[in-house]
Amino acid sequence: MANSNIPAYFKTLRGVVESFVDAGSLGLACGVVGLILKRGYNMNVFVMNVLLNGLCKKGEVQGAVELFRRMERNGVKLDAYSYNTLVKGLCKAKKVEEARALLVEMKKLNCYPNAVTYATLMDGLCKEGRAEEALEIMVDMRENGLDADVFVYGALMNGFIQVGKFDRGSELFYEMLEKGISPNVVTFGCLVHGLSKMGKWEEAIDVLDAMAERGNFPDVFVYTSLIDGLFKEGEVKKAVEIFDLMVKKGQQPSSVTYNVVIYGMCKEGLIRDAFEVFETMRMKGEKPDVHTYNSLLMGLCSKGRVNEALHLFNLMVKDKDYAKPDVMTFNMLMHGLCKERRVAEAENIYKKMITRGSFGNIVTLNTLLGGYLRKGNIKQAMEVWKRIIELGLMPNSSTYSIMINAFCKTGMVSMAKGLFNKMRACKPGPTLSDCNTLLGLLCKEDQLEQARALFKEIIENGEPDLVTFNTMINGTFKARDFQAAKDLLKEMLNLGLAPDIFTFSMLINRLSKAGLLDEVKDIYDRMISVGYAPDCIVYDSLLKGFSSNGDAKGVISLLHQMSDQDIVLDRKIMATIVSCLCQNSRNLDVSDLPNFSESKSSVGMTCKELLSKLGKSHPDLQISTV
């Protein structure tokens with residue numbers, strides 16, 4: 001046009017600028033602006049706003065700021081649209097403070113901010129997790145005579161829900177209704193999402209009904225949020241009902257929806273149902289991704305169906321129609337194999353992973369490390385440890401936990417203690433489970449003073465649990481420091497930790513061995529009073545205690561209690577019963593008794609059956625079950 005000497009009118013050139021900006025050709029658009037100036041036209045705010053918007057959309061915010069300031073210097077009168085465009089661009093670039101400064105600047109220049117300015121800034125703050133500050137902006141907005149609309153409330157609700165303040169998000173929704181503002185699908189969606197996260201799924205379902213009444217039909221996001229929340233709350237049946245309702249209402253589930261349903265079902269062990277949804281997903285044209293397959297692999301492995309998981313994995317590796325496996329895929333399958341002690345196969349899967357260009361992460365190597373240690377293959381485990389170091393991977397608390405647990409089980413005290421000390425230097429440091437594991441080993445190896453030092457450390461950190469006290473009390477009783485053990489029991493009760501069946505069983509066992517039968521009876525009575533039924537282990541300890549104290553009546557009384565409760569006897573307690581009766585009867589010889597301890601029954605014999613046989617063969621024992 002310029003070469004043909006046809007005059008370039010300003011409106012025509014302005015249209016060209018718009019076209020180039022829409023096409024994303026900002027360089028050409030700037031060239032046309034230069035031509036406009038060259039032709040002697042005064043630049044107006046409309047053209048500059050078009051260019052400003054183009055720069056912001058393309059993410060060139062710094063260039064937009066420079067243009068904005070150049071407009072000011074060249075006398076172009078900036079309007080609210082100019083400011084709003086730059087505020088939006090800065091918020092999108094996570095430069096919210098610079099955006100807030102523009103709001104202050106607007107007021108000083110009497111270029112009054114409008115609802116769009118405030119809504120954009122509030123949305124930017126909320127996306128950065130600064131919902132409380134966004135609420136302050138809404139107060140400022142009202143003070144300047146502007147009312148918040150559905151978009152403002154939607155941004156604030158979403159902001160509070162994102163930072164976990166679900167109640168505050170709900171309050172804003174009902175405040176909006178009180179002000180007569182009609183919610184849209186977005187605000188309804190925010191509320192459903194928030195209620196689902198709070199576990200208030202019944203209220204969330206009520207919101208779905210309210211949406212339908214107002215003509216706002218839930219979209220895929222609303223349904224997916226609710227389904228996800230229901231699965232996380234363990235409300236599997238209700239989640240499936242909502243999923244079916246979604247389909248019935250004509251709302252096509254997205255790949256995200258399908259993934260939520262498949263993951264939820266697999267987590268609950270509903271593998272068959274998950275595969276049915278998977279097939280539906282493929283039929284409806286939604287292509288399963290790696291997250292879909294990982295959920296299915298997780299479900300199969302958790303149910304011990306590792307061979308089926310291997311088959312699915314091989315399809316992923318070989319068939320282009322299947323999603324490519326990622327690190328989590330390999331980790332999932334290796335974990336399933338190691339759980340079944342198929343470590344050599346897990347190692348082969350790891351080799352396949354390497355051939356595909358990945359050495360995995362610390363979780364991968366931790367899985368192999370744990371697999372070899374559980375099999376007692378220390379040499380191979382140390383090779384994996386060496387590999388972790390060579391790959392430059394940072395051992396985490398799980399790495400040390402796996403090794404400490406293994407070394408404790410094999411009685412390698414010095415190795416376990418060394419690793420525990422190394423773990424202290426890591427973040428987040430040893431877990432309570434790690435401390436309890438080492439505490440158990442120290443007590444088992446009669447290193448009570450070191451156990452007490454570790455116990456003191458656990459107490460100072462304010463995190464002991466029942467396992468901590470049970471372990472320490474048992475170790476202290478074992479060392480025959482009865483008073484210290486009783487003090488520990490009092491301390492445990494003072495901390496509000498109620499004894500469990502293991503506590504009672506351990507106390508009865510230790511006190512019986514010490515011959516403190518009066519205390520044993522008190523513990524036994526207390527155990528019954530709190531609702532714990534004694535098992536074979538408890539009765540075994542009681543029988544031995546009464547027998548060693550020569551209390552034949554006590555032994556017979558216990559046997560009758562066991563008979564009344566239909567206690568099924570294992571071989572160990574059968575041998576204890578026979579031994580106790582032999583010790584407390586002058587006329588009873590163990591060789592005269594049936595060899596009950598060699599019973600071939602896999603279920604075992606009830607105490608009633610045993611007493612009946614003994615009563616018939618040795619009436620002098622006076623142990624009739626009648």
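Colleague: Happy to look at this one with you! How many helices and strands does the secondary structure of the protein chain come to?
Modeller: Glad to help, and please keep in mind that this is a predicted model. The secondary structure of the protein chain comes to 34 helices and two strands.

Colleague: What share of the residues of the protein chain counts as buried?
Modeller: A residue is buried when its relative accessible area is under 20%. The protein chain has 626 residues, and the buried share is 45%.

Colleague: Among contacts between residues at least 6 apart in sequence, what share joins residues at least 24 apart?
Modeller: Here we leave out pairs less than 6 apart in the sequence of the protein chain. Of the contacts that remain, the share joining residues at least 24 apart is 57%.

Colleague: Let's turn to helix packing. How are H17 and H19 oriented to each other?
Modeller: Helix H17 covers residues 290-302 and helix H19 covers residues 327-339, and their axes are 9 Å apart. The two pack at an angle of about 5°. Angles under 35 degrees count as roughly parallel, so H17 and H19 are roughly parallel to each other.

Colleague: Which residues in H19 does H17 meet?
Modeller: On the H17 side, the residues are Val290, Asn294, Leu297, Met298, Cys301 and Ser302. By class, the contact of H17 with H19 has seven nonpolar, four polar and one charged residues. The H19 residues that H17 meets are Met328, Thr329, Met332, Leu333, Gly336 and Lys339.

Colleague: Now the aromatics. Is the pair of Phe275 and Phe278 stacked or edge-to-face?
Modeller: The structure holds nine aromatic pairs. In the pair of Phe275 and Phe278, the ring centres are 6.1 Å apart and the planes are at 80°. Planes over 60 degrees apart count as edge-to-face, so this pair is edge-to-face.

Colleague: Where do Phe275 and Phe278 sit along their helix, and how far apart in helical turns are they?
Modeller: Both belong to helix H16, residues 271-283. Because they are three residues apart in that helix, their separation is about one helical turn.

Colleague: Which of the two, Phe275 or Phe278, is buried?
Modeller: Phe275 has a relative accessible area of 26%, so it is partly exposed. The value for Phe278 is 3%, and buried means under 20%. The buried residue is therefore Phe278.

Colleague: Which residue joins Phe275 and Phe278 in one aromatic cluster?
Modeller: Phe275 and Phe278 form an edge-to-face pair. The cluster also includes Tyr293.

Colleague: Is Ser541 buried or exposed?
Modeller: Ser541 is found in helix H31, residues 536-548. Leaving aside its neighbours within four places in sequence, Ser541 is in contact with Ile508, Asn509 and Ser512. With a relative accessible area of 4%, Ser541 is buried.

Colleague: What separates the C-alpha atoms of Asn53 and Thr85?
Modeller: Asn53 lies in helix H3, residues 45-57, and is partly exposed at 22% relative accessible area. Not counting residues up to four places away in sequence, Asn53 touches Tyr81 and Thr85. Asn53 and Thr85 are 32 residues apart along the chain, and their C-alpha atoms are separated by 6.0 Å.

Colleague: One last backbone point: is Asn110, with its positive phi, buried or exposed?
Modeller: Asn110 has a phi of about 55° although it is not a glycine. Its place is in the loop between helix H6 (96-108) and helix H7 (115-127). The relative accessible area of Asn110 is 52%, and over 50% counts as exposed, so Asn110 is exposed.

Technical notes. Residues are numbered from 1 along each chain as its sequence is written. This is a predicted model: local features need pLDDT of at least 70, side-chain atom pairs count only at pLDDT 80 or more; totals for chains, interfaces and linings use all residues. Side-chain values use heavy atoms; hydrogens and water are left out. Helices (H or I, at least four residues) and strands (E, at least two) are DSSP runs, numbered from the N terminus. Buried means under 20% relative accessible area, exposed over 50%, partly exposed in between (1.4 Å probe, protein chains only). Contact means heavy atoms within 4.5 Å. Rings of Phe, Tyr and Trp (its six-membered ring) pair if their centres lie within 6.5 Å; planes under 30 degrees apart count as stacked, over 60 as edge-to-face and the rest as tilted. Axes are lines fitted to C-alpha atoms, for helices over the stretch in contact, and angles run from 0 to 180 degrees between N-to-C directions. Angles under 35 degrees count as roughly parallel, over 145 as roughly antiparallel, 65 to 115 as roughly perpendicular and the rest as oblique. Ala, Val, Leu, Ile, Met, Phe, Trp, Tyr, Cys and Pro count as nonpolar, Asp, Glu, Lys and Arg as charged, and the others, Gly among them, as polar.
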